[in-house]
Amino acid sequence: FIEPSNLNRQLLFRQSDIGKSKAACAAEACHRLNPSMRVTAHQLKLASETTGPASAFGEPFWRGQHAVATALDNVGARLLADELSVRYCVPLLDSGTLGAKGSVQPSVPKVTESYGASADPAEEEGEIPQCTLKTFPFAPEHCVAWAREQLDGEFGTPVGEAMRYVCDEEAFVNQYVDDSEAGVDTEALGDALRRVVGTLEARPTSYAQCVRKALGLFTERFDSAIGNILHQFPAAHRDEDGLPFWRGSKHMPVRIPFSRADPSHIAFVRAAARLFAESYGVLAAGGPHSLETFHAALEAALLEQASGQANGKPREMDPARPPAAAATAASAEGGEEDKASLSRLMAEAEALLAHADELRAAVPADSLRPLEFEKDDNGNGHVDFILAASNLRAGNYAIASIDRLACKGLAGRIVPAIATTTAVVASLVCFELLKLARAAAERAAGRLAGAAAERARLRSTFVNLALPLVASTEPLPPT
């Protein structure tokens, strides 16, 4: 479906089309431009389930085409289209864009090599090392990646795991069935149940509790966790070579205690409270709670935190554990021999299961709603949370803060799209399509000289408008 970020690169869509089918809107736009043009819109993806004998993109579809032009966004779909074009001997024009870059590759069976015959060089994924992400960030993108991890780690994965348990306990346990003597991986099941118990026990049931959890999360992530790092690596710490530990790209962090006078602190706690409320089914149907409600809940949470009675205080500072989890943790510390004892592991898993069942009975089935990051919904609060969290993280490490647009781009891994690139690539595809039409007409008239002559007309083209560069080459012969 059409999202706001599509509008600046896909020329047929308009603001009024947001939320509608891309295929249907493109077909309507083409008909408006040329009423004699016939377009059939299919709201289907090109995949194995849609290319079977009786499927929409099965053999009858391909046998009925003289040529196919694609602009697919993943290699798997491109390889599938290539495989089908070779199987049914249909010329294929593959194209794509990435920022200022674009490419067009004609693949004509028995005339050129196929798309799948060669591979583009692998691009670097740009993965951020975990030590940089978790302890030694030095750039805004590190802070944004860390904040996105926090979004999933607080409101996504643990809530989803608890939801699967609450909705279907049997299916949850069956995930850990194996061929061992016990018939189940008791250690893995025990770990999963401990996570579920922790999530359900900490489940907020009111907006005030969501605010307390959000305040506790602030203190834990931006104050206590930084204190732990500074305790391990104090300012005077030196590495094994005798050099100062905090040097170069390693920025020594500073703790950030919560201050109600700082708007960025308020922004984080309010954003986190909202997401806690949504993911645990607390948020009212009317939308986010009012600012007055938030401030009242925050004042109460600050009083409770000051008195050491807040349920949302930092988990690492709270030694309390669920009874069953404490027993399991104690046994794990008893050494590998105890841990390997099958009977002990089974007893612990059963105890955890019983405790989880007690908690499960008090949780409405539809109250757990794991969140999945969505960059294009400006009203869901996801970017608000990531922006607040990343800039606070940047403040910990003396890194420059960023604005909402830059944060959204980094968090959504958005490559800026350029309509000019789309227009250039679409034009290049049209050129190759005209060549295929000419070859088909000459073939029908018996005037086509042969595969070599047809191949000599075709061009595989790569463009980079930022350089600028246009590289056009004759396709290779089939292998």
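Proline 468 sits in the loop that links strand E4 (460-464) to strand E5 (469-473). Its peptide bond, the one coming from leucine 467, is cis, with omega near -5°. That is worth a second look in this model, which is a predicted one. Most peptide bonds are trans, and most residues other than glycine have a negative phi.

On the phi side there are two residues to check. Cysteine 89 has a phi near 55°, a positive value in a residue other than glycine. You'll find cysteine 89 in the loop between helix H3 (75-87) and strand E2 (92-98). Alanine 398 also has a positive phi, near 55°, and is not a glycine either. The loop that holds alanine 398 runs between helix H15 (382-396) and helix H16 (404-411).

How exposed are these two, and a few other residues picked out in this report? Here are the values.

| Residue | Relative accessible area | Class |
|---|---|---|
| Cysteine 89 | 42% | partly exposed |
| Alanine 398 | 68% | exposed |
| Valine 415 | 44% | partly exposed |
| Arginine 443 | 45% | partly exposed |
| Glutamate 169 | 18% | buried |
| Threonine 50 | 10% | buried |

Now for the chain as a whole. It has 18 helices and five strands. Of its 479 residues, 41% count as buried. The accessible surface comes to about 25,800 Å², and carbon and sulfur atoms hold 55% of that. If you look at contacts with a sequence separation of 6 or more, 64% of them join residues 24 or more positions apart.

Two pairs give you a feel for those long separations. Valine 415, in the loop between H16 and H17, is 317 residues from leucine 98 in sequence, yet their C-alpha atoms are 6.9 Å apart. Setting aside neighbours within four places in sequence, valine 415 is in contact with Leu98 and Gly99. The other pair is glutamate 169 and aspartate 357, with their positions 188 residues apart in sequence and 8.7 Å from C-alpha to C-alpha.

Glutamate 169 belongs to helix H7 (residues 169-174). Is this charged residue buried or exposed? Glutamate 169 counts as buried because its relative accessibility is 18%, and the cut-off for buried is under 20%. What does glutamate 169 touch, apart from neighbours within four places in sequence? Its contacts are Arg164, Leu353, Asp357 and Arg360.

Arginine 443 makes a handy contrast. This arginine is part of helix H17 (residues 419-445), and at 45% relative accessibility it counts as partly exposed. Once neighbours within four places are dropped, arginine 443 is in contact with Leu448 and Glu454.

Threonine 50 isn't in a helix or a strand: its place is the loop between helix H1 (22-33) and helix H2 (59-63). With a relative accessible area of 10%, threonine 50 is buried all the same. Not counting residues up to four places away in sequence, threonine 50 touches Leu44, Lys45, Ser55, Ala56, Phe57 and Gly58.

That leaves the core. The largest nonpolar core has 63 residues, and the members that touch the most others are Val211, Phe268, Val269, Leu298, Phe385 and Ile386. Helix H10 (residues 263-279) supplies the largest share of this core, with nine residues. Val211 is a good place to start browsing: beyond its neighbours within four places in sequence, valine 211 is in contact with Val269, Ala273, Phe294, Ala297, Leu298 and Ala301.

How do H10 and helix H11 (residues 291-306) pack? Two packed helices are described by the angle between their axes and the distance between the axes. For H10 and H11, the angle is about 100° and the axes are 11 Å apart. Angles of 65 to 115 degrees count as roughly perpendicular, so H10 and H11 are roughly perpendicular to each other.

Which residues meet there? On the H10 side they are Ile266, Val269 and Arg270, and on the H11 side Leu291, Phe294, His295 and Leu298. By type, the residues of this contact divide into five nonpolar, one polar and one charged.

Terms used. Residues numbered from 1 in each chain as written. Predicted model: local features only at pLDDT ≥ 70, side-chain atom pairs only at ≥ 80, totals over all residues. Heavy atoms only, no water. Core = buried A, V, L, I, M, F, W, Y, C linked by side-chain atoms within 4.5 Å. Buried < 20%, exposed > 50% of the residue type's maximum accessible area, 1.4 Å probe, protein only. Helix = DSSP H or I, 4+ residues; strand = E, 2+ residues; numbered from the N terminus. Contact = heavy atoms within 4.5 Å. Axes fitted to C-alpha atoms, helices over the stretch in contact; angles between N-to-C directions. Parallel < 35°, antiparallel > 145°, perpendicular 65-115°, else oblique. Nonpolar A, V, L, I, M, F, W, Y, C, P; charged D, E, K, R; others polar. Areas by Shrake-Rupley, 256 points an atom, 1.4 Å probe, with all protein chains shown as cover.
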